[in-house]
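Visitor: Could you take me through one part of this model up close? I'd like to see how the strands of the sheet are put together, and what sits against them.

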Amino acid sequence: MGRKVTLATCSLNQWALDFDGNFERILKSIDVSKSRGAKYRLGPELEICGYGCGDHFYESDTLLHSFQVLKKLLESPSTQDIICDVGMPIMHHNVRYNCRVLFLNRKILLIRPKMMMANHGNYRELRWFSPWKKLRCVSLHPSLRPKRVRVRLSTDTVPFGDCVLSTKDTCIGSEICAELWSPRSPHVDMSLDGVEIITNSSASHHELRKADARVNLIMSATHKCGGIYLYANQKGCDGDRLYYDGCAMLAVNGDIVARGAQFSLDDVDLDFKPCHRVKVDFSLSGDGVGLPTHQPITWQFHTLEEEISLGPACWLWDYLRRSGQAGFLVPLSGGVDSSSTACIVYSMCVLVCRAVQDGNNQVLEDVRRVVCDPSYRPQEPRELCGRVFTTCYMDSENSSEDTHNRAKELANQIGSTHMTINIELAVKGMLGIFSLVTGKLPSFRANGGSDRENLALQNIQARIRMVLAYLFAQLSLWAQGRPGGLLVLGSANVDESLTGYFTKYDCSSADINPIGGISKTDLKSFLHYCVDHFQLHSLRGILAAPPTAELEPLMEGQVSQTDETDMGMTYAELSVMGRLRKISKCGPYSMFCKLIHTWRETLSPTQVAVTVKHFFRRYSVNRHKMTTITPSYHAESYSPDDNRFDLRPFLYNTRWSLQFRCIDDEVGWNSMGTELFLLLFSITFIAIAFIFMYNNEQVDKSCSIILSP
């Protein structure tokens with residue numbers, strides 16, 4: 001006979017070290033869970049202190065404050081008559097662990113430490129935590145009583161280790177984030193030992209095209225083993241480059257039966273629907289004998305373009321409302337990159353207006369605080385955009401009328417406060433200072449100057465734009481008589497970062513960058529989506545124009561400089577080589593060996609060799625720029641972000657002597673092989689022709705014999 005249980009899995013928008021705020025969100029999720037009849041509530045990983053604390057995990061204060069929050073949770077009436085599963089760091093025998101704490105009616109039942117750590121890509125858990133390596137082994141935690149905290153245990157000690165919870169009617173086991181992704185996931189052995197409900201508390205960041213992998217893993221877990229799988233995830237920006245996309249879900253026997261929002265501005269989002277056993281006199285199931293059949297739901301995955309529209313927009317909103325600033329400023333050039341940044345801000349305004357219309361009072365309070373108006377209520381995205389978003393076109397003598405008009409038209413369609421700023425006076429002033437000191441005045445290459453002069457003249461324009469962007473961000477609202485300042489947004493994409501195709505400390509340097517982890521190809525697809533979804537028809541002209549920095553003189557009023565010519569490779573080629581470098585872990589030689597097959601239809605081995613060498617020279621020469629890159633939204637698994645994700649040197653021997661020599665040898669072998677093939681083919685052809693001619697001659701002779709009288 002079946003039994004019915006009501007379980008709650010929660011996605012919370014926690015904030016690193018915001019202990020009071022985190023406590024309130026946890027308590028709210030418990031209240032909502034109980035109001036809907038749940039007997040078990042699961043929250044995200046390290047939800048009490050926040051996942052992104054970094055080296056604050058080393059501090060005893062972080063442990064102390066986590067216990068203080070745990071004590072408040074234990075003593076709260078809201079946590080009575082429901083099993084609460086919360087995450088926090090715990091020191092056990094002087095070793096720091098990432099733990100789940102399960103408690104009921106003011107008593108801690110068990111502590112389950114994480115056994116498999118996330119220590120790749122964006123994650124550094126082994127830096128702060130140790131994994132629990134004693135499978136099927138349980139220790140007794142002697143005390144949860146820091147000097148300033150008194151926490152009540154189930155007994156004088158509490159089980160600590162690889163254990164599960166056995167209620168009167170079922171058995172519950174825990175996984176923590178990365179353990180689900182492991183080849184030997186704990187849920188397999190737990191299921192074989194009779195555990196019926198598996199829970200997973202995660203802090204899994206959003207990455208383009210990642211959601212389907214996560215869903216498939218959870219469906220597979222219950223398809224193989226049966227039972228129920230609860231997944232809870234962190235959501236929002238907790239103070240870093242990452243955005244956690246929530247997406248809580250519940251699977252039963254291989255089917256997803258409930259899910260939470262993947263991108264949402266709500267702070268709390270809920271979904272319903274031999275191991276060492278810690279027994280508890282408590283039932284999850286109700287008194288009813290009937291068990292309604294669970295109904296599978298069809299998972300609607302977001303398209304790539306929708307993910308770009310939603311993920312970075314939610315990240316920007318969290319950053320804005322938590323930074324205390326009054327809005328954003330973007331230098332809008334009329335190109336794909338800055339237009340993409342502007343469209344993501346507009347998408348943020350769409351999400352905020354929709355949330356307010358849906359009655360989300362938290363979002364309304366945040367909006368009013370951002371615009372410094374306690375009576376303000378946003379009516380539509382363009383109007384909100386005008387309050388929180390400023391764009392500026394920074395004109396120079398190298399700027400074309402086309403880009404000026406494209407920037408102005410887009411700003412008008414999204415409703416941003418738009419300015420045109422001419423930078424020529426500042427450029428001439430800087431060059432005047434240089435000329436006064438050195439007695440020399442540099443010239444562009446088009447005017448007879450050297451490459452060094454040409455590059456310096458481009459860089460001075462870009463850096464002046466950065467200085468002006470920060471000046472206007474700090475003072476433009478002051479000039480209008482409005483309080484607050486603006487956050488400067490960057491617009492350098494992930495592909496340009498690979499080869500350092502930007503000026504260090506130029507207008508790509510900003511406070512944060514929503515597109516720094518997104519490829520140029522994907523950004524173009526996103527803008528096509530914005531044309532149809534947001535009716536931003538001005539983007540068609542931006543998409544049709546060739547990408548250009550507009551830092552060199554115009555030729556007869558037309559742009560003569562293009563990005564792909566300057567880089568010496570296409571954006572499509574950059575994207576492929578970026579994935580091979582990071583995801584496939586290819587050096588110059590192995591990249592060449594792969595690409596001679598991938599690009600065999602379009603490039604010869606010699607051309608592939610030239611392209612690969614050029615890529616690695618540009619990458620290594622400009623790698624130092626990544627040490628000062630603007631913090632960017634993480635979206636791609638081949639991001640070159642030096643802060644955490646892509647830890648590599650920034651001073652290289654840019655000759656790559658051995659690596660390039662191996663490529664040259666391989667090209668030589670390929671060329672020799674081609675020549676040998678042609679030689680053998682020619683010999684074979686001549687031999688076949690000779691045999692054919694000989695056979696024909698023999699046939700003619702035999703025919704003449706037969707026909708002779």
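Guide: Start with strand S18 (residues 328-331) and strand S19 (residues 389-395): they run parallel, and 4 bridges hold the pair together. Bear in mind that you're looking at a predicted model. If you want one spot to click on, try Pro 331, whose bridge partner in S19 is Cys 392. Now turn to helix H8, residues 336-357, which packs on the sheet and touches both S18 and S19. The direction of H8 makes about 155 degrees with that of S18, and since anything over 145 counts as roughly antiparallel, you can think of the two that way.

Zoom out a little and the sheet has 4 strands, in the order S20-S19-S18-S21, with parallel pairing in an open arrangement. At the edges you'll find S20 (417-422) and S21 (487-488); each has a single partner strand, so one side of each is left without a neighbour in the sheet.

While you're here, have a look at a helix pair too. H1 (residues 19-35) packs with H2 (residues 60-75) at about 30 degrees, their axes 10 Å apart. That angle makes H1 roughly parallel to H2, and H1 passes H2 in a right-handed crossing. On the H1 side the contact is made by Phe 19, Asp 20, Phe 23, Ile 26, Leu 27 and Ile 30; H2 brings Thr 62, His 65, Ser 66, Val 69, Lys 72 and Leu 73. Sorted by class, that contact comes to 7 nonpolar, 3 polar and 2 charged residues.

Terms used
Residues numbered from 1 in each chain as written. Predicted model: local features only at pLDDT ≥ 70, side-chain atom pairs only at ≥ 80, totals over all residues. Heavy atoms only, no water. Pairing = 2+ DSSP bridges. Helix = DSSP H or I, 4+ residues; strand = E, 2+ residues; numbered from the N terminus. Contact = heavy atoms within 4.5 Å. Axes fitted to C-alpha atoms, helices over the stretch in contact; angles between N-to-C directions. Parallel < 35°, antiparallel > 145°, perpendicular 65-115°, else oblique. Left-handed = near helix turned anticlockwise from the far one by under 90°. Nonpolar A, V, L, I, M, F, W, Y, C, P; charged D, E, K, R; others polar.
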